[in-house]
Structure formats: structure tokens, C-alpha cells
Amino acid sequence: MDTFVQQLINGLNVGAIYALIALGYTMVYGILRLINFAHGDVYMVGAFAGYFIALSLGLAAGPSLLSLTFILVASMIIAAIVGMLIERFAYRPVRKYSRMTTLIMAIGVSLLIENLFVARIGAAPRAFPDFLGSQSQPPYHLFGNAAISKAQIIIFLVSIALMLLLQWIVFRTKVGTAMRAVSFNLNSAKLMGINTDAIISLTFAIGSALAAAGGVLTAQYNPNIDPLMGILTGLKAFVAAVLGGIGNIPGAVLGGLLIGAAETFVVGYGYHIGIASTYRDAVAFAILILVLLLRPSGLLGSTVQEKV
Amino acid sequence: MKRTLFALFLITTLLIGFACERRGNGANGGGTGPILVGYYGDLSGRTSSFGQSTKNGVEMAADEINKAGGINGRTVQIITEDDQGEPNKAATVVTKLINQDKVQALLGEVASSNSLAAAPKAQEAKVPMISPSSTNPAVTQVGDYIFRVCFIDPFQGEVMAKFSANNLKAKRAAILYDFNSDYSRGLYQFFKRSFTSLGGQIVSEQSYTQGDRDFSGQLTAIRAVNPDVIYVPGYYGEVGVISNQTKQLGIKAPLLGGDGWDAPQLWQLGGASLNGNYISNHYSVDDPSPAIQKFVADYKARYNILPDALAALGYDSMKVLGDAIKRAGSTENTKLRDAIAQTKDFPGVTGKISIDKDRNAVKPAVVLKLENSKFVYETTIYPEGATPPVTSAAPASGTTTAGPAGAAAPAKAASPTN
């Protein structure tokens, strides 16, 4: 029993990060019908922004919740700017062409960011500073053997807070209303006097900031960061967005948590039924194929569309 | 990306085809110019710490040889190629070194998968190759031109199995290994065989793949069966994180590893969570023997960092090669091959090196304990049949193979000369 609870905690922990990234995929898709393949790399950029800020300000010296908060906010801002720049200089100029052009552009941007980072700082993994003292501190015990570490608690709390904040922005603010309007129909929204370029830019900014938060948070649990860390994680977050119903915000969160849990259970229990833990990644993509075959609109993305 | 690589690979292979034509009657022996030695390793990929350390060791050895007047009047020139830690690239750069640069011998790689990809090229061209630190047995089985100056995985796996069973008194071991690495899979098999033959039980076998970021699923499954020790024969990038997550799950059993852990980055990734774990390795910087301390001091003066085992092996591989060229009196490939094969009791930094009939080095391994960002010498374990030397190179002489738990005690020797 405690093993099961533990695996659930592990799975939801991974899933929360997927969910944060999946939100960016789903928001951009909702508004532009674009799969922003560079999004996984924005997640990586966020993690590295946090890493370099911490190094240059000498914040890595000791564990501190305040430093972590500062790093988190700073890297979210940097990633938001990166996201807006990508949109402004790569996607906006080709937006008037076919959707395929934008998609190819997205793949190009993704490879460009990855290879720029590899060329500039090398592919070797780097260690993100440990702000929570999780390397030396024992975890909190729930019951039996089930334990939850400080890093995991922070990941859960911050991602829930960010998701609620996003929900509030989208449904309770003027910009949110504008975002929803743009997602329903870009041209009509423009006719209604909405500055659609600004709204699209803002959508990229919010999505990128969430991904960066995912990058910094996950680095507290897993300090290993490298320029290619966004590829697989980004793809799985994309699968999560599709599973939940792409364009659907609660769907992205649900998809993320499900993929995270599914992966962890494959690893944790798969060997009982002869599935090695190395099948973890295969399972995520098998889910993608199944969803596309059985329910192309995803779990929550059916008739009522909450596209943003 | 992959495509481009493949295209590049095709083009290189074609070019090589032409180059080979010319090679046939090209004299690669005798000569009076510098002796060209090709070094290939991972200088920019995921295991670049390995390649860099080895390169440092190789270059330092070459400089020492040149300063002492070279070999038979000829200087040694190292030509370095980066394979980015990818087997395909390793094969490509080795072909380049052989055909374009016309090197007379090759040094490399660290990772067994990369050595295995490159060795057939060296064998085909009959250019002697010495791997400083690839421990998978298959590497030297490629052919009679392939050698190594380190021990092999059956022994390294056996060392940790013996250490767990005899010194740590472990009865139940769990294993977490890297599914795609020849090195890790090899160690996993040999540890398992050896540990069960010593009466131990393997209670859980889990795997991961290089680049994985979350290991909590595997570790929770391992925690559920409550092992005494957990064997993690991986590379430092993943191991640092595994150690961290082990502590976050409240697992108290120590992690055991191999020489793949030995990199400065390990400490940044794992920090304090690494304390209390053990690895098997090729040598210890704590070793008080004058030869080793001179090497450590020279290396530190030159690179401003303590040499890890890979640097020491890189150094030894160049020195063994130099010694063989000297004895052969030429760099003619068959003579050089035979001279390397006849290496006996060469006094290396990583122990006395003798090449056996399978072209592997026979030598003892050390077990190091991880404590406060340092590898602290714990004990030395000798190969089966080999008697520990009377004047042991290691600090704790008398700590033998099957020594009881108490044997580990007198070890905690001299602190490193930082």
C-alpha cells in the first residue's frame, strides 16, 4: 500500500511538470492552431536561465526558499521574453502563409535553440543548485514507508498555484476574455478592436513562463540539466496536451498528471507483468497513438470547447 | 540532425575508401619524424568529463616523454579528435585518424560502446589501439591489435560483489543499471553472478536509459523489497541524480558503483546525498606511494585539479605505448603490437600493468568510500590467483580479497595533497 501511494506521489510529481509545460502547448494551439515544437526548449532555457542567474549572483551558496522564489520569478520573466521573441521574429512573419510553414518554422527554431546551447555551453549535464537542501535532508514520512520530500511538496504547491492563477487570468480578466475571443476567431476578434498581435504575444509569454517554472522546479528534484533536456520532456508534455484535448486548459493538466502517473506505474509495476522499466517512454507514445485512434479530440476536448 | 550525421558518415566512409587505396604500401614503420599517436574521446558530449580527463593524462605523459628526449630519438605528437560520446562518430574519427593523419597508434575511448565501435576500424587497418579505460570484455576481443591498460568488468563486478558480501555483510542486493550501455549491462551481469555465488540474493533488477531524469519509480520499487545494498553501475550524470532521489525517498541502503562515477561533476549533481556510498576504481589519489604522489602533484600543478582515475589511465596508456615503442625499436605495426602484448609489470600510476593473453591488463582494484565530496580509500581487492605484492602499492597492505569486515578499518589513510 505505501509503495502504491509512493508511486502515485512520484507519478503526480512528474505529471505536474508535464502539466505546466502542456499548458503552453495547449494555449498556443488554442489561439494559433500551431504546435509550438520549440516549447520544450523554452523549458530548457528557463532551467538554464535560473542556473546562470544563481551562479552569477552567487545564490547557490546555501539553501534558501527566498533565493528559490527569486530564481523562479526571474527565470519565468526571461523565458516569457524568449517566448515573445520567438513568436515575434519566427512565427509572426510566416503566420500569413500556410500552417505547415509555421510548423516547419517551429521545428527549425527548436533545433536552432538546442544546437546553439550545445555549441555554446556543451552537452554535458550541469548541476542546478539545490535551494531546498534536499541532498542532505531526509523526506517527510506520511505513513509506513511512503515519503514526500520538500522538493516534491514545493513542486505540487507551486504548480497548483500557477494553474489557478492561469485559470483566473483566462476567465476573470479582460486580457483573458480577449484571449478567448482570439481563440474563437482571430479575424472577428480583430474587427472587435482587440489587438490580436499583443494577445498572441501575451499567450506565448504566459506559456513560456509556465514552462520555465517547470524547468526550475524539476531541477530542485532532479538537478541534472542539459541543453537537450527539453526534447523528450517537451514531447511528452505535447502527448499530455493531446491526451487531455489540445486547446483545453484543464485537459492539459489532467493529461500531464495521467502521463506522469502512467509512466511511473510502468516503471514501478511493469516488471511484474514482464514490461521492463525501459518501456517507460514507449508507453507515453503508445498512449498518443491510442488517443489519436480512439478519441482524437482528447479526454476533455469534445463538444464544449474552452479554447485558449 | 540524425540525417545529416548519416550523410556525413556516408561521405566519410567513401573518402576513407579512397584513402585506403593509398594506404596499402604506405610505410608506417621506421621513419624518423615524430611518432603520431591518435587520441579520440568525448570532449563535448554527455560524458565529456571522461574524455577531457583522459586527454589531460595522455598529453601530460606525452610531454614527459618528449622532455626526456623522446623515444629512440623521436618525439611523440598527439592528434586529438572529439567523438562527442557517440559510437558512430567514434568510428568515423578513428578512420580519419588512421587514413588521413596516418597515426601509428591509437589511444581511446573511455566508454566501452565507443571503443567497440572504433576498434574494428583499428583492427582492420592493423593500427595498434590501447583503450585507457574501457572495461567491457568485448573490446579487446575485437582483434589482436586492441589492448587496454585497465581491468575488465568481470573483475570490477566481482570486486563490488565481494566487497558487499564480505566487508558490508550484505545478503540482499538490488541493481539499477543503464539498459543501453555495454559497460553498465556488463557490470550488472558480473556483479549478479559473483554476488549470488557468494551466497547473496538479488532482490530487484531495475533499469533506466542514459538521459533519464526521474528514477523515483525504480527506486520506490527497490525500496519496497528492502535491500541491504543497491548496485548502480552507471555513469556520473545519472548517478548523481539517482543518489539524490534515493535520499529523497528515505532509502538508507548504500549505493555501490564503478569507475563510471568518477568525475568532478558527480559531486555537483549528488552533493551530500552521495555520502556513505562506495565505488570500485582503478587507483586512489590518497595512495602514499611516491610514484602516485608525484603524478598527483604534477597533474595538479599542470591542470589545477586532482587527477581522477581516467586521467591516471590516460597517462598510463601513453606510457605503456611509449615503453612498447621503445622496446620494439620501431613503430612498424606488427612489431609494435607484439611489444605491447609483451608488456610485463610496467610500473603504472594505476598499479603494475601486465598484459595477459587476452590483451587485458591484470591488476588490482581499489574500493573508495564517498565522503564529503571526496573519494576516500577503503580497501584494495586483488584478482583471483594473484597474490597481493609484499610492498603493496596501496596504503592498506594486507587487506586481501576475501578479508573480513574488519579489514576495511585500517584503511582511512593519508588525506590527499590538495
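## Chain B: confidence and its contact with chain A

In this predicted model, chain B averages a pLDDT of 84, pLDDT being the predictor's confidence in each residue on a scale from 0 to 100, and 84% of the residues of chain B score at least 70. Residues are numbered from 1 along each chain as its sequence is written, and chains are lettered from A in the order in which they are written. Because the model is predicted, local features need pLDDT of at least 70 and side-chain atom pairs count only at pLDDT 80 or more, whereas totals for chains, interfaces and linings use all residues.

Helices (H or I, at least four residues) and strands (E, at least two) are DSSP runs numbered from the N terminus. The table sets out the two extremes of confidence in chain B.

| Element of chain B | Residues | Mean pLDDT |
|---|---|---|
| helix H1, lowest | 2–23 | 53 |
| strand S8, highest | 229–231 | 96 |

The contact between the chains takes 35 residues from chain B and 32 residues from chain A, where two residues are in contact if their C-beta atoms, placed from the backbone, lie within 7 Å. On the side of chain B that touches chain A, H8(B) gives the most, with 7 residues, and among the other elements that each supply at least two residues is strand S7 (201–208) of chain B.

Strand S7(B) also pairs with strand S6 (residues 172–178) of chain B in the parallel sense over 7 bridges, pairing being counted if DSSP finds at least two bridges between two strands. Within this pairing, Ser204(B) in S7(B) is the bridge partner of Ala174(B).
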